[in-house]
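Student: Let us go through this model term by term. I will ask what justifies each label.

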Amino acid sequence: MRQKGLKSLLVLAFSLFLVLKGTIIFAQEGGHNSPAHNTEKKFNITETILEHVSDSYGWHLWGHTSISLPVMLYTDKGFEVFSSKNLADEHHNPVAYQGKNTYMVNHHTGKVEIVNADGTPNHEEKLYDFSITKNVASLMVSVLVIMFMFLAVARAYKKTGVTSAPKGLQSFLEPVILFVRDDIAKPNIGAKYAKYMPFLLSIFFFVWINNMLGLVPFFPGGANLSGNIAFTMVLAVIVFIVVNVSGNKNYWGHIFWMPGVPVPMKIFLAPIELMGVFTKPISLMIRLFANITAGHILVLALICLVFVFKSMAIAPVSVAFAGFIYLIELLVAFLQAFIFTMLTALYIGMAVEEHHHAEGAHH
Amino acid sequence: MIFLELNPLVKPDLGLVVWMTVTFLVVLFVLRKFAWKPILSAIKTREDNINDAIAQAEKVKIEMAQLKNDNEALLVKAREERAALIKEAKETKDKMIAAAKEEAKVQAGKIIADASASIQQQKMAALTDLKNQIGKLVIETSEKVLRKELSNKAEQESYIKTLASEVKLN
């Protein structure tokens with residue numbers, strides 16, 4: 001009963017969110033994009049927003065101040081590391097850097113490329129980019145936060161033992177941990193939930209804390225890490241591996257030889273089910289990426305209204321809207337972490353489900 | 001593919017993928033070992049403790065109720081026993097009284113019988129005594145008469161004869 005109530009609440013929140021999002025984006029694009037392009041060539045809203053939600057080699061703090069991060073490249077000529085300040089001048093325009101090759105940031109992709117002497121990109125040479133970019137640095141910050149939080153909480157449990165009530169951070173996190181256990185893991189996985197608890201908790205807090213850090217508009221937040229496709233892809237691949245490694249005979253039986261249907265149907269269903277094995281993690285990847293990036297784009301677009309109109313009069317309106325979206329984003333940060341974890345638990349639950357449960361579901 | 005070319009947002013960077021994979025696995029491993037296991041086991045232990053305590057309390061409650069029931073049953077039994085004892089005592093008392101009455105009756109009868117026997121005896125003794133007395137009187141009277149009438153022998157004899165015929169025992 002409680003489960004049902006929660007579900008309908010989530011559905012309501014989601015639909016509201018989608019409707020709002022759609023309307024605002026539509027109004028934004030329809031109403032204000034064209035004048036911006038006509039009157040002001042210098043301010044390109046698309047470029048500005050994309051720059052803010054994309055990765056970069058330095059971490060911009062304020063004005064002309066930014067933190068230079070190490071660029072780490074692997075080419076045919078070996079491994080090399082240099083500071084990202086070598087790649088841009090004081091106006092943030094890309095400049096060439098002479099290392100083992102000549103490197104320059106591509107203005108469109110924002111990525112380092114090997115360039116020829118005349119400045120044209122050289123795609124012949126191999127280049128693997130392992131730089132500590134803004135997103136990687138943000139990832140490390142989030143790891144520090146997560147480690148600090150949970151090791152402290154674990155210490156608190158060890159120190160006070162189990163006889164006293166939780167205190168401080170511990171009392172804030174314990175209900176969340178219990179929520180993951182009682183409302184995500186137990187109903188979706190069933191009896192074998194305990195084995196997957198560390199994984200689910202790690203996924204949940206990793207996604208949630210990175211979502212929240214992404215919402216902080218200044219250092220050490222501000223990187224759109226959990227809205228980056230690489231971040232969500234890695235999580236999705238790990239989920240894919242965990243789910244399929246956990247899969248029992250019954251799970252694979254349902255994919256390749258669906259029980260309880262005629263043979264032609266079994267043959268017809270097998271490729272569809274097999275495709276489902278891949279679409280499940282892909283949907284996880286796209287959902288998280290799209291939701292978080294869309295939220296960031298939305299807030300930025302609303303703020304950009306001020307610059308598009310070049311009027312302070314519009315500022316209160318755009319700040320009010322942006323503030324509202326920000327509050328929704330706080331909810332979405334939690335919601336997306338919850339949905340990612342819940343679907344992961346659901347997929348694991350399907351993979352470890354015992355035979356008699358499945359039989360019951362089919363007849 | 002054109003879409004991917006157009007939008008750098010949906011193009012995963014190799015570097016970030018590698019860093020992310022390494023970092024997440026490290027976080028997963030470290031937290032699993034040093035955070036999740038102790039936290040989850042502590043929570044589990046506490047929950048078990050609470051459940052145990054509740055179960056214990058429930059058990060004690062049931063025991064208390066049982067004890068109360070037992071006490072009541074004991075009380076009822078004691079009451080019954082008391083009633084039985086009283087009844088028995090009453091019966092014994094009645095029996096004793098009846099027996100005593102019987103005894104008394106028997107005793108009284110015996111006493112009465114003895115008394116009447118003794119009265120009879122004494123009456124007989126008195127009668128004998130009286131007879132003796134009378135005999136003595138007769139003899140004394142006879143003596144006096146004899147002394148006086150000895151001179152008149154014939155008359156004397158006739159008189160004795162009349163006397164003797166008159167004297168009848170009882």
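Tutor: Start with the rings: 18 aromatic pairs are counted over all chains. This is a predicted model, in which local features need pLDDT of at least 70, side-chain atom pairs count only at pLDDT 80 or more, and totals for chains, interfaces and linings use all residues. Residues are numbered from 1 along each chain as its sequence is written, chains are lettered from A and ligands numbered from 1 in the order in which they are written, and side-chain values use heavy atoms, with hydrogens and water left out.

Student: Why is the aromatic pair of A:Phe204 and A:Phe334 called edge-to-face?

Tutor: The ring centres of A:Phe204 and A:Phe334 are 5.7 Å apart, with 85° between the planes. Rings of Phe, Tyr and Trp (its six-membered ring) pair if their centres lie within 6.5 Å; planes under 30 degrees apart are stacked, over 60 edge-to-face, the rest tilted. Both values meet the rule, so the pair is edge-to-face.

Student: What makes this pair a link between distant parts of the chain?

Tutor: A:Phe204 sits in helix α5 (residues 193-215) of chain A and A:Phe334 in helix α9 (residues 315-352) of chain A, 130 residues apart. Helices (H or I, at least four residues) and strands (E, at least two) are DSSP runs numbered from the N terminus.

Student: How do you know that A:Lys126 and A:Asp76 form a salt bridge?

Tutor: Their closest N and O atoms are 4.0 Å apart. A salt bridge needs a side-chain nitrogen of Lys or Arg within 4 Å of a carboxyl oxygen of Asp or Glu. The pair therefore qualifies. The structure holds seven salt bridges over all chains.

Student: Which salt bridge involves B:Arg46, and what is its distance?

Tutor: B:Arg46 pairs with A:Glu174, with the closest N and O atoms 2.2 Å apart. Three salt bridges are found across the interface of chain B and chain A. On the side of chain B that touches chain A, the residues divide into 23 nonpolar, six polar and five charged. Here Ala, Val, Leu, Ile, Met, Phe, Trp, Tyr, Cys and Pro count as nonpolar, Asp, Glu, Lys and Arg as charged, and the others, Gly among them, as polar.

Student: What area is buried between chain B and chain A?

Tutor: About 3,900 Å², with carbon and sulfur atoms giving 81%. Buried area is the accessible area (1.4 Å probe) that two parts lose on being put together, summed over both. B:Leu9, B:Trp19 and B:Trp36 lose the most area in chain B, together 19% of what that side buries. The contact (heavy atoms within 4.5 Å) takes 34 residues from chain B and 51 from chain A.

Student: Where do the two domains of chain A lie in the sequence?

Tutor: Domain 1 is 58-129 and domain 2 is 134-362, with bounds from an automatic or database domain assignment. Their C-alpha centres lie 33 Å apart. The two domains bury about 500 Å² between them, 82% of it on carbon and sulfur atoms. A:Trp59, A:Leu61 and A:Leu69 supply 83% of the area that domain 1 buries against domain 2.

Student: How many salt bridges cross that domain interface?

Tutor: The rule finds zero.
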